[in-house]
2 protein chains.
Amino acid sequence: MSGFEIERKFLVRKNSNWKAMAKSSTRIKQGYFAAENTVRIRIRDNRGYLTIKGPSTNGGLTRYEFEKEISLDEAENLLKLCQGSIIDKRRYLIDSDTHTIEVDEFYGDNEGLVLAEIELSSETESFSHPAFLGPEVTGKKNFYNSQMRFFPFKLWRDQLSREYW
Amino acid sequence: MSGFEIERKFLVRKNSNWKAMAKSSTRIKQGYFAAENTVRIRIRDNRGYLTIKGPSTNGGLTRYEFEKEISLDEAENLLKLCQGSIIDKRRYLIDSDTHTIEVDEFYGDNEGLVLAEIELSSETESFSHPAFLGPEVTGKKNFYNSQMRFFPFKLWRDQLSREYW
């Protein structure tokens, strides 16, 4: 069920024999997400996705990731619950030997930033470095999209050019 | 895709003609959840669920709610990313006129607390009050399961008995 929920809640009186009136019961265990996890809503062309990423380990190299497709309607409703500016980018796929490199060209407050990502099957897997790859920024938090919504590229691009380019 | 992600990230060199090498591209817009939203992982008997609730409006009466079934494996992995103690309870269903009342009996650190919830189709809809319903606690934050994991019933039950019972 997705939508607006209206409910009223009451304490249950002791010794009121309520349990004898129950038609069924289920056991429930539940937990709530910590702020260190990233919960992302994405609209990609016309499809919606919900993604959850756990905290980074190994200097940002490994993260638990969960992704589910959701309806465009749901994605638009959930985007309204998001904080900070929306990240807007175009993702290009480039084949490089046996890998596919994803290159993200950012717009809006992150205009001018272009990042490449390569997904590996192990931390030690080797891969060829095409000439367009610049300095590695794996694990650097200001390049996380989740950080860029609060501290976009336009605020730190000058610092970056001294440091990396 | 769900699982562990290993990826390395690079800046892309200016004037390196990378765009001519792309085989395809997609436009992406995405946002990240604010801390005011609740992201809940639930295992109910042997099934997993992911639920997102927006902030309460109207004194806790109305909240946007999104729910998706996920696999038990996914639920167990996501539960590991949760913070505070896990809420453990048995939910009983009790028919009352045209409504079904859900009664939650809590265990563990919340042992002794029993709460009833009734879902309504509008904020003004009337319903019968069976004798087992005690004082209303709609919108009171210490009865939110998401709060009870940090501040469980055993820490405030004595205060409650003076105030409500």
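## A tour across the two chains

Start where the chains pair up: select strand β3 (residues 38-44) of chain A and strand β2 (residues 24-33) of chain B, which run antiparallel and are joined by 5 bridges. Strands here pair if DSSP finds at least two bridges between them, and the elements are DSSP runs (helices H or I with at least four residues, strands E with at least two), numbered from the N terminus. For one of the bridges, click Arg40(A), whose partner in β2(B) is Tyr32(B).

Before moving on, note that this is a predicted model, in which local features need pLDDT of at least 70 and side-chain atom pairs count only at pLDDT 80 or more, while totals for chains, interfaces and linings use all residues. Residues are numbered from 1 along each chain as its sequence is written, with chains lettered from A and ligands numbered from 1 in the order in which they are written.

**Chain A by itself.** Hide chain B for a moment. Chain A has 3 helices and 9 strands, and along the sequence they come as β-β-β-β-β-α-β-β-β-β-α-α. Of its 165 residues, 27% are buried, meaning that 20 or more other C-beta atoms lie within 10 Å of a residue's own (exposed is 12 or fewer, partly exposed is in between, and C-beta atoms are placed from the backbone).

**Two loops to click.** Most residues other than glycine have a negative phi. Go to Asn15(A) in the loop between β1 (3-12) and β2 (24-33) of chain A; its phi is positive, near 55°. Asn15(A) counts as exposed because it has 6 C-beta neighbours inside 10 Å. Then jump to Asp97(A), in the loop between β6 (82-96) and β7 (99-106) of chain A, with a positive phi of about 50°. With 10 C-beta neighbours inside 10 Å, Asp97(A) counts as exposed too.

**Bring chain B back.** A turn of 180° and a shift of 0.0 Å along the axis lay chain B on chain A with an RMSD of 0.1 Å, by least squares on the C-alpha atoms of residues with pLDDT of at least 70 in both. That is how a two-fold axis relates copies. To find the axis from chain B, pick Ala35(B): its C-alpha is the nearest, 3.3 Å away.

**The contact.** Select 92 residues from chain B and 92 residues from chain A, with contact meaning C-beta atoms, placed from the backbone, within 7 Å. On the chain B side, strand β6 (residues 82-96) gives the most, with 13 residues. 100% of the interface residues of chain B are also interface residues in chain A, so the copies meet through the same surface.

**Into the core.** The largest nonpolar core has 23 residues, and those touching the most other members are Phe33(A), Val39(A), Ala75(A), Leu78(A), Phe33(B), Val39(B) and Leu78(B). Such a core is a set of buried Ala, Val, Leu, Ile, Met, Phe, Trp, Tyr and Cys residues joined through C-beta atoms within 7 Å. Zoom in on Phe33(B): leaving out residues up to four places away in sequence, Phe33(B) touches Val39(A), Leu81(A), Cys82(A) and Val39(B).

**Last stop, α1(B).** Select helix α1 (residues 72-79) of chain B, where Ala75(B), Asn77(B) and Leu78(B) are buried. They cover an arc of only 165° around the axis (taken from the directions from the helix axis to the C-beta atoms), which puts them on the same side of α1(B). What do they pack against? Show β4 (47-53) and β5 (62-70) of chain A, together with β3 (38-44), β4 (47-53) and β5 (62-70) of chain B. Finally, spin the helix: the face turned away from the buried side carries the exposed Leu72(B), Asp73(B) and Glu76(B).

Terms used. Two residues are in contact if their C-beta atoms, placed from the backbone, lie within 7 Å.
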